[in-house]
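Biologist: I'd like to go through this one with you and hear what stands behind each label. Can you show it to me?

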Amino acid sequence: MAGSCLFCQIARSATSTRLLYADERVVAFPDINPSAFRHYLVIPVEHVATVNDLKRGVDDHQLVSHMLNVGQNLLSRDAPESKLYRFGFHQPPFNSVDHLHLHCFALPYIPRWKHMKYISLGSIGFIEAEKLLERIKPLEPIGS
């Protein structure tokens, strides 16, 4: 699957996609069809299909935390005049690409109706990054 995955190809720099950020764990790039004043995607270099493939634990929590941190830093650098930012993931069956990707928005949505694609519908639809982090937060060790 990873060999034919477009986002895996982007993560390996095998496309002409302009990267805004890259390290050994994640890459970031502008969304090809932006829904907001600034709309970036942050993806893991390693293929992870969807939020449903993330497990409660340190490794996945650190990955999503890092993705969020990268997105926040990019938007504060590139859209400091925005008053509102939003960060989240589509959940199956509403994800458009089967490679985990964090949507990073500097609002407003452009056009305004585009916000409809990013509505939370409980366990489906769009999940805010902070809610996902809570869902995969490592359990406290007994006795701490």
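Modeller: Let's start with residue classes: Ala, Val, Leu, Ile, Met, Phe, Trp, Tyr, Cys and Pro count as nonpolar, Asp, Glu, Lys and Arg as charged, and the others, Gly among them, as polar. This is a predicted model, where local features need pLDDT of at least 70 and side-chain atom pairs count only at pLDDT 80 or more, while totals for chains, interfaces and linings use all residues. Residues are numbered from 1 along each chain as its sequence is written, and side-chain values use heavy atoms, with hydrogens and water left out.

Biologist: How does the lining of the largest cavity divide into nonpolar, polar and charged residues?

Modeller: There are 5 nonpolar, 5 polar and no charged residues in that lining. The residues are Ala49, Thr50, Val51, Phe89, His90, Asn95, Val97, His99, Leu100 and His101.

Biologist: What makes a space a cavity and not a pocket?

Modeller: On a 1 Å grid over the protein atoms alone, a cavity is a set of points where a 1.4 Å probe fits but cannot get out; a pocket is an open set with protein on both sides within 12 Å along at least five of seven lines. Lining residues have an atom within 4 Å of a point. Grid points are joined across faces, edges and corners, and a volume is the space filled by probe spheres set on the points. The structure holds 1 cavity of 30 Å³ or more, and the largest cavity has about 50 Å³ of space.

Biologist: What is the volume of the largest pocket?

Modeller: About 330 Å³. Its lining has 20 residues, and the closest to the centre are Phe7, Asp31, Ile32, Asn33 and Leu41. By class that lining has 10 nonpolar, 8 polar and 2 charged residues. H1 supplies the largest share, 3 residues. Helices (H or I, at least four residues) and strands (E, at least two) are DSSP runs, numbered from the N terminus.

Biologist: And which classes line the second largest pocket?

Modeller: That lining has 5 nonpolar, no polar and 6 charged residues. Glu24, Arg25, Asp53, Asp59 and Asp60 are among the lining residues. Helix H2 (residues 58-78) gives the most, with 3 residues, and the volume is about 180 Å³.

Biologist: Why is histidine 99 called buried?

Modeller: Buried means under 20% relative accessible area, exposed over 50%, and partly exposed in between (1.4 Å probe, protein chains only). Histidine 99 has 0% relative accessibility, so it counts as buried. You'll find histidine 99 in the loop between strand S4 (85-91) and strand S5 (102-109). Contact means heavy atoms within 4.5 Å; leaving aside neighbours within four places in sequence, the contacts of histidine 99 include Cys5, Cys8 and His47.

Biologist: Why does leucine 6 count as partly exposed?

Modeller: Leucine 6 has 47% relative accessibility, so it falls in the partly exposed class. Leucine 6 lies in helix H1 (residues 6-11).

Biologist: How many disulfides does a search of the whole structure find?

Modeller: 0. Cysteine 8 is in no disulfide, and the nearest cysteine sulfur, that of cysteine 5, is 3.8 Å away. A disulfide here is a pair of cysteine sulfur atoms within 2.5 Å, so a 3.8 Å separation doesn't qualify.

Biologist: Why is there no bond for cysteine 104?

Modeller: The closest cysteine sulfur, in cysteine 5, is 17 Å from that of cysteine 104, so it's too far for a bond. Cysteine 104 is also buried, at 0% relative accessibility.

Biologist: Where does UniProt place the feature "active site"?

Modeller: The unreviewed entry puts it at His103. UniProt positions use the numbering used here, feature names are shortened, and annotations may be inferred rather than shown by experiment. Histidine 103 sits in strand S5. What makes histidine 103 buried is its 4% relative accessibility. Among its contacts, leaving aside neighbours within four places in sequence, are Asp31, His39, His90 and Tyr118.

Biologist: Which residues does the "domain: HIT" annotation cover?

Modeller: The unreviewed UniProt entry gives residues 6-118. Over residues 6-118 the chain is 24% helix and 27% strand, with the end C-alpha atoms 22 Å apart.
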